[in-house]
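Colleague: I've got a model open and I'd like to learn how to read it. Could you take me through a few features, one at a time?

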Amino acid sequence: MIISPIFFGTLALSLFIYWIIPLQKWRNASIALISLVYISWFDHFAALLVFILTVFSYLMAWLIQDKSRKKLYHRITVTGLLLVLITFKYLGLLENTLNNLLEFLGSLPVFNIDKILLPLGVSY
């Protein structure tokens, strides 16, 4: 995403909406919704992925807070989020490494994994 007038307009609108909403709970929801709209403006798949990961994190945090098997739910949450991160971040590296190895070994078939883009926020 390129910093453009759309970015600054969205930023100004989100700050205005944030400060006119009195309750912190609704402020957080408005920021999340504006972020999803902004991401979907550029990539619908990325917005869907961010939405799914947000819901997953929220539900798992609720389970961790209210249930007796906190360690299990914590491990499931961390593992799930790390799997998504590893898949999107290192799949391209795996493709290049595998293709270079197969080219070195001979005329074996070359694999082609489409590039997968992921929103920057998922890495953090």
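Colleague: Let's start with R27. What lies 3.0 Å from a polar atom of its side chain?

Modeller: Keep in mind that this is a predicted model. To read a polar contact, look for a pair of N or O atoms within 3.5 Å. Here the partner is the backbone oxygen of Y18, 3.0 Å from a polar atom of the R27 side chain.

Colleague: Which residues does R27 touch, leaving out those up to four places away in sequence?

Modeller: Y18 again, plus W19 and I21. R27 itself belongs to helix α2, which spans residues 24-42.

Colleague: And is R27 buried or exposed?

Modeller: Check the relative accessible area; buried means under 20%. R27 comes out at 13%, so it counts as buried.

Colleague: How does H74 compare on that scale; is it buried, exposed or partly exposed?

Modeller: Exposed means over 50%, with partly exposed lying between the two cut-offs. H74 has 46% relative accessibility, so it's classed as partly exposed. You'll find H74 in helix α4, residues 70-105.

Colleague: How far apart are H74 and I64 in space?

Modeller: Go C-alpha to C-alpha and you get 6.5 Å, for two residues 10 apart in sequence.

Colleague: Now pockets. Which residues line the second largest pocket?

Modeller: With a pocket, ask how big it is, then who lines it. This one has a volume of about 200 Å³. Its lining is made up of A29, A32, S35, L36, V50, F51, T54, V55 and Y58. The elements giving two or more residues to that lining are α2 and α3 (44-66).

Colleague: Which helix gives the most to the lining?

Modeller: That's α3, with 5 residues. By character, the lining splits into 7 nonpolar and 2 polar residues, with no charged ones.

Colleague: Let's zoom out. How many helices and strands are there?

Modeller: The protein has 4 helices and 0 strands, so to speak a plain α-α-α-α when you read along the sequence.

Colleague: What share of the residues count as buried?

Modeller: 20% of the 124 residues. The accessible surface of the protein is about 9,800 Å², and carbon and sulfur atoms account for 72% of that.

Colleague: What about contacts between residues far along the chain from each other?

Modeller: Take the contacts between residues at least 6 apart in sequence: 41% of them join residues at least 24 apart.

Definitions and conventions. Residues numbered from 1 in each chain as written. Predicted model: local features only at pLDDT ≥ 70, side-chain atom pairs only at ≥ 80, totals over all residues. Heavy atoms only, no water. Buried < 20%, exposed > 50% of the residue type's maximum accessible area, 1.4 Å probe, protein only. Polar contact = N/O pair within 3.5 Å; in protein donor to acceptor, adjacent residues only side chain to side chain. Contact = heavy atoms within 4.5 Å. 1 Å grid on protein atoms, 1.4 Å probe; cavity = no way out; pocket = protein on both sides within 12 Å on 5 of 7 lines; lining within 4 Å. Points joined across faces, edges and corners; volume = space filled by probe spheres on them. Nonpolar A, V, L, I, M, F, W, Y, C, P; charged D, E, K, R; others polar. Areas by Shrake-Rupley, 256 points an atom, 1.4 Å probe, with all protein chains shown as cover.
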